[in-house]
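Please work through the exercises below with the sequence and the structure at hand, trying each task before reading its solution.

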Amino acid sequence: MTVPLLDLTRQNEPLLPEMRGVFEQVVLSGRYVLGTHVEVFEQRLAACCGAKYAVGVSSGTDALLLSLMAMKIGPGDEVITSPFTFFATAGCIARAGARPVFVDIDPTTFNLDAELIEAAITPKTKAIIPVHLYGQAAEMSPIMQIARQHGLKVIEDAAQAIGAKDAGGVVGSLGDVGCFSFYPTKNLSTLGDAGACTTNAPALAERLVALRVHGQEAKYHHTYVGGNFRIDALHAALLSVKLPHLDGWTDARRANAQRYSEMLAGLPVVSPVQGPDKYHVYNQYTIRVLDGQRDPLCEHLKGKGIGHEVYYPIPLYLQPCFAGLGLDATDFPQTQQACREVLSLPIYPELAMEEQGLVIAAIRSFFK
Ligand SMILES: *Cc1c(COP(=O)(O)O)cnc(C)c1O
């Protein structure tokens with residue numbers, strides 16, 4: 001018996017009758033891009049994130065790019081972020097014309113080390129993009145304090161962390177803008193690409209809405225140069241079907257995580273640490289495998305048909321496209337080590353207890 005890293009059909013199949021219903025509604029509405037289904041979903045998402053506004057967009061990547069555009073961040077500007085994240089976080093900074101400035105991670109949470117941020121601030125710094133990696137909120141209180149002190153904007157990359165909380169509240173409502181992805185591997189997902197920005201600032205919400213449609217504020221009047229960042233009505237309608245289930249799915253992920261942590265105790269692996277005042281939503285359950293055993297363990301799991309993945313094997317400062325930044329791996333020892341040690345295991349809400357037992361048994365048999 002094999003255990004997939006993720007099986008989306010288990011989540012979507014029971015919802016198929018409801019999905020068929022909204023599919024029919026959208027088809028018969030004759031309005032396939034933006035419109036009522038999008039507005040309804042935006043209101044529900046904003047409520048779920050404790051934010052005043054939500055703006056549905058075409059993807060999580062586009063949510064990040066749109067946020068930078070709305071803040072008028074571009075050539076000559078610097079944006080501080082993590083080098084240990086999905087490529088889009090830093091890719092969007094470069095696409096906006098700005099320079100990504102990487103700061104090393106905290107080894108216990110894999111998130112930006114807030115204590116290293118101030119040393120990276122220069123007169124060109126305009127914003128910080130903390131990533132809530134694997135579903136755990138970054139150190140938002142110190143990050144917001146530093147940002148306010150230096151007059152910087154904060155864009156939360158919450159693509160992996162819908163529903164996650166820290167002491168200050170729910171992610172997406174803590175910074176100036178929150179960016180979400182509804183790509184199939186995320187905790188709330190549609191049948192394709194979609195994303196959203198959340199914010200409490202009315203002026204920023206207005207700019208995001210205009211930039212989403214080519215910077216247009218009134219028909220054929222372009223205040224800014226925007227783009228096509230629109231979300232489809234069908235995605236919004238499907239997301240409205242799924243949103244009411246999110247809390248239950250998160251509970252199941254957290255229960256799976258707790259079971260892993262109990263069952264893996266005593267092995268030369270480090271289970272994820274939920275920080276004080278944090279509510280981790282476990283988009284990934286990512287362990288560290290000690291003593292250089294990560295890659296051999298991967299081979300062992302592969303042989304047993306156990307799904308697993310390394311998020312992420314290569315730090316962003318070593319990506320060929322960022323060679324021009326002239327960065328040196330020795331400046332990021334924690335990221336270097338994380339790239340060598342991390343391993344993500346199946347954690348989706350529908351994972352059967354029997355399957356989780358197989359994952360744990362396979363790991364135990366490797367260390368025997
Ligand atoms: C998935 C993801 C994105 C990008 O989202 P897409 O919807 O795939 O464009 C950005 N940042 C992080 C951390 C992600 O995990």
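The exercises that follow concern a predicted model, and each task comes with a worked solution.

**Exercise 1: helix H12**

Task: Compare the span of helix H12 with the expected one, and find out which of its residues are buried and what they pack against.

Solution. Begin with the length: helix H12 covers residues 353-367, which makes 15 residues, and from its first C-alpha to its last it reaches 22 Å, close to the 21 Å expected at 1.5 Å a residue. Next, list the buried positions, which are Glu355, Gln356, Val359, Ile360, Ala362, Ile363 and Phe366. Looking down the axis of H12, one finds these buried residues within an arc of 155 degrees, so they line one face of the helix. Met353 and Glu354, on the other side of H12, are exposed. Finally, the partners of the buried residues are helix H1 (9-12), helix H9 (246-263), helix H10 (294-303) and strand S14 (342-345).

**Exercise 2: helix H2**

Task: Carry out the analysis for helix H2, and then examine the residue that follows it.

Solution. The 14 residues of helix H2 (residues 16-29) should span 20 Å at 1.5 Å a residue, and the end C-alpha atoms are indeed 20 Å apart, which agrees. Met19, Val22 and Val26 are its buried residues; they cover an arc of only 70 degrees around the axis, which puts them on the same side of H2. On the face turned away from this buried side, H2 carries the exposed residues Pro17, Arg20, Glu24 and Leu28. The buried residues, for their part, pack against H1, helix H3 (36-49) and helix H8 (233-242). After H2 comes glycine 30, which has a positive phi, near 75 degrees.

**Exercise 3: serine 58**

Task: Decide whether serine 58 is buried or exposed, and place it in the chain.

Solution. Serine 58 sits in the loop that joins strand S1 (53-57) to helix H4 (60-70). Its relative accessible area is 18%, and because buried means under 20%, serine 58 counts as buried. Apart from neighbours within four places in sequence, its contacts are Asp193, Ala194, Gly195, Asn228, Phe229, Arg230 and Ile231.

**Exercise 4: the ligand**

Task: Describe the surroundings of the ligand, including its polar contacts.

Solution. Of the 15 residues that surround the ligand, the closest are Gly60, Thr61, Asp157, Ser181 and Lys186. An oxygen atom of the ligand lies 2.5 Å from a polar side-chain atom of threonine 61, and an oxygen atom of the ligand is 2.6 Å from a side-chain N or O atom of serine 181. For aspartate 157, a side-chain N or O atom is 2.8 Å from a nitrogen atom of the ligand. Taken alone, the ligand exposes 380 Å², of which the protein buries 93%.

Conventions
Residues numbered from 1 in each chain as written. Predicted model: local features only at pLDDT ≥ 70, side-chain atom pairs only at ≥ 80, totals over all residues. Heavy atoms only, no water. Helix = DSSP H or I, 4+ residues; strand = E, 2+ residues; numbered from the N terminus. Expected span 1.5 Å × (residues − 1). Buried < 20%, exposed > 50% of the residue type's maximum accessible area, 1.4 Å probe, protein only. Arc of directions from axis to C-beta. Contact = heavy atoms within 4.5 Å. Near = heavy atom within 4 Å. Polar contact = N/O pair within 3.5 Å; in protein donor to acceptor, adjacent residues only side chain to side chain. Areas by Shrake-Rupley, 256 points an atom, 1.4 Å probe, with all protein chains shown as cover.
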